[in-house]
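Here's a quick briefing to read alongside the viewer. Have the model open and follow along topic by topic.

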Amino acid sequence: AATASAFHVGADAEVVFTNGTLNAAGSGISAENTGKVALESGFALFAEKGGVVMGDAGGLFVRPGATPSVVAADGNALAIHNTLPDRTGVLIGGGSYVATNGQALALSGANPLRKILNGGIYNTTILPKEICCDGYVPLCRAADVYEVVPEEEARAQAVVMDADSGLYFCSMRLAFDDAADQATLLVITNFSETCLFGGAKTNTVDLGGWTWSGGMNGVNVYGSGARLTVTNGTLSGCVRADSGLVVLDAITTAANFMIYTRPNGTGKVEILGGDYTAGLRASSDITGLTIFGGTFKFADKGVDFAGGKLVDHLGEGLKFATSPDGLTMTVVPADAIVCQIDGTNPLAEFTSLTDAAAVVADGQTITVVKDFSFFDTQVLTAAALKSYTVDFGGYTATSTNKTASAYAVKVAGVAVTFTNGTLVATAGGSSYGIQVAGAAFTAANGFTAKAKLRTQSHTETYYDAATRRNRTRTVTELV
């Protein structure tokens, strides 16, 4: 019968099961009140219904290292009910527990027990982590294989842990299969693995500064509702989205990192930030790629991937700003771009004249593309003598630096011609808008430089500690 147990342990009885097999047509062993059950090595229980069923106050003990086996065909292998506030007498330190159609360990009642496991192997998830004794954690070794082990052992053998459940996993694939929606997976070591992520759930992989080497299909997301964010570490290999969404943020990539989205598919890859200067490549198509942030290899800007040039995949209102080394570029708001170097392919655009001057070649022209303001001195210099033009394009560049000795522009070691625009310098003392040091400077074709030097006074009230009274004074400042 479904409610019948092969053995029932009553009040105050203590029974040790060892050295043989018990086949139960119903449930295997039950205990209630103060009945106590111990399972020893050499004992195997096969139950058609529940395996071991414990009521309030019943005791269950499996010593550490013992190897009993409990299998339940229909029901839970171990079922422990508790309503008591301070119940003791349950400790499972070893054994194997399998439920074909149920839970390996099921806890119920108003006060589900905690800190009762310091060993054992189970075929269903061990949750919550507080079930384990202090210093012990659940480790998923393979599909449907969860073992309670010392935490130092888990950290030595696992590659990732679920930050929410406390489960450790020996592979990322296991973690993907087990993780609940919105879970964060924390990587704890470098690892190499190709993984499929699917299903209608959202997860985050925090690499924690470690490296994930995935090969040609390293991170493969499928399923229209799947969203996977990978952050805070290094990726080597490929990110692929057949469907669903992959989000990359604060990632550093190895050389020839590949991004792939299935042609005519629904897969998408979004890059929010990170360092991709080792170079990108696309296997077949990147039409599903959108870039919102990050630093990239400048040469990749004009590469004709199957899905278009990299620059074509920038998010709305964004541009690539070339760095002063001329080798890399960073995603910035489009209105942060103030100038470009004409004739470059791909087009080199910059957020300051200083950065453009570090890259410009002999005979080239830096063209200002908008009115802009700046604080730091724009330094036009070079390691070797250059001759080039800064065409302001009819726009005005305004220094907002009110420091008494500040220069708006410093020209050093180069031959520069300013043309067709206005430079407004806010300076103080005896400083100048443009400082020329060991250089040749020419103002031509409608260029105007203006210095703003005006003081403004106002009266303010302050507390004079010496007289313990409020007084007034006149303050003069440069505006």
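Among contacts between residues at least 6 apart in sequence, what percentage join residues at least 24 apart? In this chain the share is 50%. Keep in mind that we're looking at a predicted model. The secondary structure comes to three helices and 48 strands, so most of the notes below deal with strands and with ring pairs.

**Overall dimensions**

- The chain has a radius of gyration of 35 Å, while a compact globule of 479 residues would come in near 23 Å.
- Along the principal axes, the C-alpha atoms fill a box of roughly 105 × 75 × 35 Å.
- Buried residues account for 45% of the 479 residues.
- About 21200 Å² of the chain is exposed, and carbon and sulfur atoms supply 49% of that area.

**The open sheet**

- Five strands line up in the order S1-S4-S7-S10-S13 to make an open sheet, with parallel pairing.
- The edges belong to S1 (5-9) and S13 (105-108); each has a single partner strand, so one side of each is left without a neighbour in the sheet.
- From one strand to the next, the twist averages 15 degrees.
- Inside that order, S7 (residues 52-54) and S10 (residues 78-81) run parallel and are joined by three bridges.
- For a spot to click on, try methionine 54, which stands opposite isoleucine 80 in S10.

**Strand S22 and its partners**

- On one side, S22 pairs with S19 (residues 184-187): the two run parallel, with three bridges between them.
- Threonine 184 sits opposite threonine 204 of S22.
- S22 also pairs with S24 (residues 227-241), again in the parallel sense, this time over five bridges.
- Here aspartate 206 is the residue facing threonine 231 in S24.
- In a regular strand, side chains alternate between the two faces of the sheet.
- S22 (residues 202-206) has a covered face made of Asn203 and Val205, and an uncovered face made of Thr202, Thr204 and Asp206.

**Aromatic pairs**

- The count of aromatic pairs comes to 13.
- One of them joins phenylalanine 392 and phenylalanine 418 edge-to-face, at 5.3 Å centre to centre with 70 degrees between the planes.
- Phenylalanine 392 lies in the loop between S41 (387-391) and S42 (396-399) and phenylalanine 418 in S44 (residues 415-426), so this pair ties together parts that are 26 residues apart in sequence.
- Are these two rings buried or exposed? Both phenylalanine 392 and phenylalanine 418 are buried.
- Phenylalanine 392 also pairs with phenylalanine 447, and that pair is tilted: 5.3 Å centre to centre, 40 degrees between the planes.
- Because phenylalanine 447 is in S46 (residues 440-452) and phenylalanine 392 is in the loop between S41 and S42, the pair ties together parts 55 residues apart in sequence.
- Phenylalanine 392 has 0% relative accessibility, so it counts as buried.
- Phenylalanine 447, with a relative accessible area of 12%, is buried because that falls under the 20% cut-off.
- Elsewhere, ring pairs link Phe176, Phe191, Phe197 and Trp212 into a cluster.

How values were computed. Residues are numbered from 1 along each chain as its sequence is written. This is a predicted model: local features need pLDDT of at least 70, side-chain atom pairs count only at pLDDT 80 or more; totals for chains, interfaces and linings use all residues. Side-chain values use heavy atoms; hydrogens and water are left out. Rings of Phe, Tyr and Trp (its six-membered ring) pair if their centres lie within 6.5 Å; planes under 30 degrees apart count as stacked, over 60 as edge-to-face and the rest as tilted. Helices (H or I, at least four residues) and strands (E, at least two) are DSSP runs, numbered from the N terminus. Buried means under 20% relative accessible area, exposed over 50%, partly exposed in between (1.4 Å probe, protein chains only). Two strands pair if DSSP finds at least two bridges between them. The radius of gyration is taken over C-alpha atoms; the globule rule is 2.2 Å times the number of residues to the power 0.38. Contact means heavy atoms within 4.5 Å. Accessible areas come from the Shrake-Rupley method with a 1.4 Å probe; for residues, only the protein chains shown count as cover. Axes are lines fitted to C-alpha atoms, for helices over the stretch in contact, and angles run from 0 to 180 degrees between N-to-C directions.
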